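Visitor: Hi, could you walk me through this one? I'd like to go residue by residue and then look at the whole thing.
Guide: Happy to, let's open it up.

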Amino acid sequence: MSSPTVFVTGAAAGIGRATALHFASRGYLVGAFDIDEIGLGRLAGEIETAGGKVHTGVLDVTDDAQWQQRLAEFHQAHGRLDILINNAGILRSGPFEAIDLREHHAMVAVNVDGVISGAHHAFPYLRETTGAQLVNMCSASALYGQPELATYGATKSAVKSLTEALDLEWARHDIRVIAIWPLFVATAMVDGLDTGSARSLGVRLTAEDVAKGVWSATRRRGRLPRVHYEIGAQAKVLALSAKFAPSWAARAVNKYVTGS
C-alpha cells in the first residue's frame, strides 16, 4: 500500500509546520502548502533530511483556483487524501473599532472562506479515500465572544458550526470531521498580542503541543463519536465551564478573564 497522506495548509510556520513535521516523522507523506515559498523550502529540507516524504506547493486559501490545482496535483501524484488539515489562519487583535475594516474582512476570508473552500474542493478526494478525515483548526476564543478578539472569535465560531454540520453530513461517505481547540499558542500569530485574556491566561502552549493533539485526535475512533478536541488544561476547563455554566455565569467569567 502507498503511504497515508496528509494535506496541511499554512504549513510554512507555527502549528502547520509542527504538524507537518509530526506526521512526516510517523510515516505520512506530507503535502505542505502555504503562501511562503521560502518557509516551505526549509520545511521540505528538514523533512527530507530526516528521511520523510513531502510534497510542497504555493496555496493562498482564499483562491479557489489554487485550491483546485493544488489538490488535483497532489491527488494525481499520490492517489489518495487521507487527512486534510485546514490550519491556515490569521489573527488581528484590539478594540473592534480600532481594527481597519479590511483586516476584519481578511480574517473572514482566510479563517472562514478558506476553510469552506478547502472542505468543498477536497470532498471528492476525501470521499475516494477509505477512512478519510477533515481536521479544522478552531480556537478556545470561540467558546464565548472575547473583547479585543471579536472578529477572530466569530470566525472560529463559524468553523465550529461548519465542523459539526459536516461531521453529520459526511458520515455516510465515511469521512470523519473534527475540530481542534487550542487556546493561545506560542507562534508568530500571537507576537505582540496584548489582550486582557492573553495577559490573564498567558501563552502556555507550543506549536508542538498542538501538533501532538492533532495526531492524537486523528488516531481516536471510539464507539461514541467525538467532534471537538481541546488542547491543554486551560482549554479543557474553559470548554467544560462553557458547556455546563448558565449564560450569565459564562459571561461573568469571560468578563473577568478579559479584564473588561
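Visitor: Is Asn87 buried or exposed?
Guide: Asn87 counts as buried, because its relative accessibility is 12%. For these labels, buried means under 20% relative accessible area, exposed means over 50%, and partly exposed is in between, using a 1.4 Å probe and protein chains only. One caution early on: this is a predicted model, so local features need pLDDT of at least 70 and side-chain atom pairs count only at pLDDT 80 or more, while totals for chains, interfaces and linings use all residues. Residues are numbered from 1 along each chain as its sequence is written, and side-chain values use heavy atoms, with hydrogens and water left out.

Visitor: Where does Asn87 lie?
Guide: Asn87 is in the loop between strand 4 and helix 4 (101–128). Helices (H or I, at least four residues) and strands (E, at least two) are DSSP runs, numbered from the N terminus.

Visitor: And what does Asn87 touch?
Guide: Not counting residues up to four places away in sequence, Asn87 touches Thr9, Gly10, Ile15, Gly16 and Met137. Contact here means heavy atoms within 4.5 Å. Asn87 and Ile15 are 72 residues apart in sequence, yet 7.6 Å apart in space, C-alpha to C-alpha.

Visitor: Nice. Switching to the core: which residues have the most contacts inside the largest one?
Guide: Those are Val6, Phe23, Val30, Ile85, Ile180, Val210 and Val214, in a nonpolar core of 33 residues. A nonpolar core is a set of buried Ala, Val, Leu, Ile, Met, Phe, Trp, Tyr and Cys residues joined through side-chain atoms within 4.5 Å.

Visitor: Which elements give two or more residues to this core?
Guide: Strand 1 (5–9), helix 1 (14–24), strand 2 (29–34), helix 2 (37–49), strand 4 (83–86), strand 5 (133–137), strand 6 (176–181) and helix 7 (207–219). The largest share, six residues, comes from helix 7.

Visitor: What is Val30 in contact with?
Guide: Leaving aside neighbours within four places in sequence, Val30 contacts Val6, Ala20, Phe23, Ala24, Lys53, Val54, His55 and Phe74. There is also a second, separate core of 23 residues, and Leu29, Trp67, Leu84 and Phe123 are among them.

Visitor: Back to loops. Which sign does phi of Glu148 have, positive or negative?
Guide: Phi of Glu148 is positive, near 75°, and the residue is not a glycine. Most residues other than glycine have a negative phi. Glu148 is in the loop between strand 5 and helix 5 (150–169), and a relative accessible area of 24% makes Glu148 partly exposed.
Guide: Asp174 also belongs in this topic: its phi is near 60°, again a positive value in a residue other than glycine. Asp174 is found in the loop between helix 5 and strand 6 and is partly exposed at 37% relative accessibility.

Visitor: What about Arg226, where is its place?
Guide: Arg226 is in the loop between helix 7 and strand 7 (228–230), and counts as partly exposed because its relative accessible area is 34%. Arg226 touches Arg176, Ile178 and Arg220, not counting residues up to four places away in sequence. The C-alpha atoms of Arg226 and Arg176 are separated by 9.6 Å, with their positions 50 residues apart along the chain.

Visitor: And Ala198, buried or exposed?
Guide: Ala198 is buried, at 11% relative accessibility. Ala198 is part of helix 6 (residues 196–201) and touches Phe184 and Leu193, again not counting residues up to four places away in sequence.

Visitor: Let's zoom out. How many helices and strands does the protein chain have?
Guide: Nine helices and seven strands.

Visitor: Why does the radius of gyration agree with a compact globule?
Guide: With 260 residues, a compact globule would have a radius of gyration near 18 Å, and the protein chain has 18 Å, so the two agree. The radius is taken over C-alpha atoms, and the globule rule is 2.2 Å times the number of residues to the power 0.38.

Visitor: How many of the contacts come from residues far apart in sequence?
Guide: Among contacts with a separation of 6 or more, residues 24 or more positions apart account for 71%. As for burial, 50% of the 260 residues count as buried.
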